[in-house]
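Thanks for coming. I will go through one model this morning, beginning at the DNA and ending with the cysteines.

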Number of protein chains: 2
Amino acid sequence: MVDTSDLGESEYLKFTVALERVAVMLRRVGPARDLSLASASVLQLLDQAPVARPYRLTELAVEQCVTQPAMTQLVSRLEREGLARRCADPGDRRVVIVRITQEGQDLLRERRDARAAALGTLLAGLCEDDRRAIEAALPALERLALAASGGV
Amino acid sequence: MVDTSDLGESEYLKFTVALERVAVMLRRVGPARDLSLASASVLQLLDQAPVARPYRLTELAVEQCVTQPAMTQLVSRLEREGLARRCADPGDRRVVIVRITQEGQDLLRERRDARAAALGTLLAGLCEDDRRAIEAALPALERLALAASGGV
DNA sequence: TATTGTTATACTCTATAACTATA
DNA sequence: TATAGTTATAGAGTATAACAATA
């Protein structure tokens, strides 16, 4: 009887090592061509934001776990490259609203497609059982990531 | 009959998004306190190297997919902090051998323990089925990471 | 001449501290 | 006074180009 709620230290280490390798893999799989991880991450947030409820600069900083000055710079880089733009908040003139541009959306889509294609190639190299196991674990991994992101 | 060897584009996208979230999670779970991701990655390579077959600086650069100058700097930082040291190669005086120090090994162990503990806490918050699914997928994920790292 | 590594320079990304503008 | 954001400055991590030393 295997009780995974009682994993030993060595199991955690195994898990840690496996996930760290996956993280390294992602750094390499993602061509990262035109878009750094930090930029892509913010751009994805902006892309998912409802038009009626856009992000403030401070909210982006909190969401990404970086400081306000760091986000100021990141947004400035995105703006300089035409991927996002700063807008005024009519209700509070201190506030900076950040929106993704069409160009930003296009770049994001290209990047996602490229990543998916690269991962598809890698997955195709695995055996059937491995693909099944990974697919079966995806929802669980998403929940795990959610818990780490602030869900808890 | 589900044939995962014929995953559609949307499945790849789902997979990409899930793994990217895991990568973000790892950035946050790892206290990263004293050790950056880049430093930790190199230090782990050095730690796993057989004493009789240590790494050259160039080999580290190739293994980590960074340039020689980048690795020169990274090793210099590790050396400055006492975590690694440069050694001469008796057979070829152009070569720089890099070894981990005792201090480096100690730090690595602390970091691994902290990460494992943090992940353990997160895992404890998942339901039994999710934990089982993730554990079942670990070997497959490792093979996937290996394929991306250069195994292919 | 080819290989190994370093130095010089520049850019991204991050942080802390000090500042401005608005509430 | 508190909040939203920027500017100033510094350090890690990365790249390319030019260089030195050794093979």
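The surface near DNA strand C is made up of ten nonpolar, eight polar and eight charged residues. In that count, Ala, Val, Leu, Ile, Met, Phe, Trp, Tyr, Cys and Pro are nonpolar, Asp, Glu, Lys and Arg are charged, and the others, Gly among them, are polar. The surface near DNA strand D divides by class into ten nonpolar, eight polar and eight charged residues.

Before the details, the conventions. This is a predicted model, in which local features need pLDDT of at least 70 and side-chain atom pairs count only at pLDDT 80 or more, while totals for chains, interfaces and linings use all residues. Residues are numbered from 1 along each chain as its sequence is written, chains are lettered from A and ligands numbered from 1 in the order in which they are written, and side-chain values use heavy atoms, with hydrogens and water left out.

Back to strand C. Which residues are the closest to DNA strand C? Of the 26 residues that surround it, they are A:Ser36, B:Thr58, B:Gln68, B:Thr72 and B:Val96; a residue counts as near a strand if one of its heavy atoms lies within 4 Å of it. On the DNA side, 68% of the strand C atoms that come within 4 Å of the protein belong to sugar and phosphate.

Now some polar contacts, meaning pairs of N or O atoms within 3.5 Å; within protein, one must be able to donate a hydrogen and the other to accept it, and residues adjacent in sequence count only if both atoms are side-chain atoms. The side chain of B:Thr58 has an N or O atom 2.2 Å from a phosphate oxygen of DNA strand C. Two contacts go to bases: B:Gln68 places a polar side-chain atom 2.5 Å from a base nitrogen of strand C, and B:Arg94 has one 2.9 Å from a base oxygen of that strand. As for elements, α2 (37-48) and α4 (68-80) of chain A, with α3 (57-64) and α4 of chain B, give two or more residues to the surface near DNA strand C. The largest share, six residues, comes from α4(A). Helices here are DSSP runs of H or I, at least four residues, and strands are runs of E, at least two, numbered from the N terminus.

Next, strand D. DNA strand D is surrounded by 26 residues, and the closest are A:Thr58, A:Gln68, A:Val96, B:Ser36 and B:Arg77. Sugar and phosphate make up 68% of the strand D atoms within 4 Å of the protein. Three contacts to phosphate oxygens of strand D can be listed. The side chain of A:Arg86 has an N or O atom at 2.8 Å, B:Thr67 has a polar backbone atom at 2.9 Å, and B:Arg80 has a polar side-chain atom at 2.8 Å. At least two residues of this surface come from each of α3 and α4 of chain A and α2 (37-48) and α4 of chain B. The element that gives the most is α4(B), with six residues.

On to the protein itself. Chain A has six helices and three strands, in the order α-α-β-α-α-β-β-α-α. Buried residues are 43% of its 152 residues, where buried means under 20% relative accessible area, exposed over 50%, and partly exposed in between, with a 1.4 Å probe and protein chains only.

The largest nonpolar core has 22 residues, and A:Ile134, A:Leu144, B:Ile134 and B:Leu144 touch the most other members. Such a core is a set of buried Ala, Val, Leu, Ile, Met, Phe, Trp, Tyr and Cys residues joined through side-chain atoms within 4.5 Å. Two or more of its residues come from each of α5 (102-124) and α6 (128-151) of chain A, and α5 (102-124) and α6 (128-151) of chain B.

Helix α3 of chain A buries A:Leu57, A:Leu60, A:Ala61 and A:Gln64. These residues line one face of α3(A), because they fall within an arc of 100° seen down the axis, the arc being that of the directions from the helix axis to the C-beta atoms.

Last, the cysteines. A:Cys65 follows α3(A) and sits in the loop between α3 and α4 of chain A. Its phi is positive, near 60°, in a residue other than glycine. Is A:Cys65 buried or exposed? A:Cys65 is exposed, at 53% relative accessibility. In chain B, B:Cys65 lies in the loop between α3 and α4, has a positive phi of about 60°, and is exposed at 52%. B:Cys127 is partly exposed at 42%. Over all chains there are zero disulfides, a disulfide being a pair of cysteine sulfur atoms within 2.5 Å.
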